[in-house]
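Subject: Structure for you to look at

Dear colleague,

Here is the structure I said I would pass on, with my notes on it below. Please have the model open while you read.

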Amino acid sequence: MLAFVAIAASASAQNRIAIVDLRKVFDEYYKTKAADATLKDRAGDLEKERKALTDQYQKLTEDYKKALDGANDQAVSADEREKRKKTAESKLIEIKELEQNLTQFDRQSRTTLEEQQRRMRDNILAEIKNVINTKAKSGSYSLVVDTAAETINKTPVVMYTNGENDLTVAVLAQLNSGAPASAGASK
C-alpha cells in the first residue's frame, strides 16, 4: 500500500500545471493594439468609400426626380416630354445599378474586414501560444490552463486557482519586449 502511495505521489509531482490569463495576454500584447488600430483605419477608409457611393446615389436620385418631373411637365411639347421620360428611365437604371453596387460593396467590405481580423487574430494567437509553449517546456509544466476560458454557457472553465505557476506576466513581458517605443508610450 505504501509503495502505491509513493508511486502516485511521484507521478503527480511530474504533472505540473501552470495557468495563464489568455484574455489579458491577448488584450495587453502590443501587436493586438496595433492590429486593432490597423482594422479601425481600414474600416474608416471603407466608410469613406461607402459615403462617396451614398452621396452619388443621393445625387442620382435627385436627378431622377427632376427628370421625372420634367417628363410630366405639360408646358413642354410631347416630343420633349418623351425625351425627358427616356432620360428619367436611364437615371432609374443607373440608380438600380448603384443600389446593387452599394449592396455588393457592403458585403465585400464586411467580408474583407472579418477575414483581415481573423488572420490578424490567428497570427497573434500563434505567437502567444509559441511563447506559452516555450515557458511551459522550460518550467517543466505538463499542462497550461487558460483561466479566462469560458464554457459555451459563458461560465468559467477554471473554478479555482491559488495563483501559483501563473505564466501571464512572464508571457506578456516576453511578448512586449520587442514592442516599438511608440507602443509603450500609449499605455
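A salt bridge is taken here to be a side-chain nitrogen of Lys or Arg within 4 Å of a carboxyl oxygen of Asp or Glu, and on that basis a search of the whole structure finds six of them. Please keep in mind throughout that this is a predicted model.

To set the scene, the protein chain has six helices and two strands, which follow one another from the N terminus in the order α-β-α-α-α-β-α-α. Of the 187 residues in the chain, 22% are buried. Among contacts between residues at least 6 apart in sequence, 80% join residues at least 24 apart.

Salt bridges

Side chains of opposite charge can pair when their charged atoms come close. One of the salt bridges brings together the side chains of Glu 127 and Lys 31, at 3.1 Å from N to O, and this pair links distant parts of the chain, since Glu 127 belongs to helix H4 and Lys 31 to helix H3, 96 residues apart. Glu 127 has a relative accessible area of 27% and is therefore partly exposed, and Lys 31, with 30%, is partly exposed as well.

Another bridge joins Arg 50 to Asp 106, with the closest N and O atoms 2.7 Å apart; here too distant parts of the chain are linked, Arg 50 lying in helix H3 and Asp 106 in helix H4, 56 residues apart. Arg 50 counts as partly exposed at 27% relative accessibility, and Asp 106 is partly exposed with a relative accessible area of 23%.

The bridge between Asp 122 and Arg 118, whose closest N and O atoms are 3.5 Å apart, stays within helix H4, where the two residues are four apart, about one turn of the helix. Asp 122 is partly exposed, with a relative accessible area of 37%, and Arg 118 counts as partly exposed at 45%.

Nonpolar cores

In soluble globular proteins, nonpolar side chains tend to be buried together. The largest nonpolar core in this model has 17 residues, of which Val 25, Tyr 29, Ile 124, Ile 128, Val 171 and Leu 175 touch the most other members. Two or more residues of this core come from each of strand E1 (16–20), helix H2 (22–28), helix H3 (30–71), helix H4 (78–138) and helix H5 (168–176), and the largest share, five residues, is supplied by H4.

If you would like one residue to start from, Ile 128 is in contact with Leu 22, Val 25, Phe 26, Tyr 29 and Leu 175, leaving aside its neighbours within four places in sequence. There is also a second, separate core of ten residues, which includes Leu 46, Leu 53, Leu 60 and Ala 88.

The largest pocket

Which residues line the largest pocket? The lining is made by Leu 22, Arg 23, Phe 26, Arg 121, Leu 125, Asp 146, Ala 148 and Ala 149, around a pocket with a volume of about 170 Å³. Both H2 and H4 supply at least two residues of this lining, and H2 gives the most, with three residues. By character, the lining divides into five nonpolar residues, no polar ones and three charged ones. Leu 22 and Phe 26, which are among the lining residues, are also among the contacts of Ile 128.

With best wishes

How values were computed:
Residues numbered from 1 in each chain as written. Predicted model: local features only at pLDDT ≥ 70, side-chain atom pairs only at ≥ 80, totals over all residues. Heavy atoms only, no water. Core = buried A, V, L, I, M, F, W, Y, C linked by side-chain atoms within 4.5 Å. Buried < 20%, exposed > 50% of the residue type's maximum accessible area, 1.4 Å probe, protein only. Contact = heavy atoms within 4.5 Å. 1 Å grid on protein atoms, 1.4 Å probe; cavity = no way out; pocket = protein on both sides within 12 Å on 5 of 7 lines; lining within 4 Å. Points joined across faces, edges and corners; volume = space filled by probe spheres on them. Nonpolar A, V, L, I, M, F, W, Y, C, P; charged D, E, K, R; others polar.
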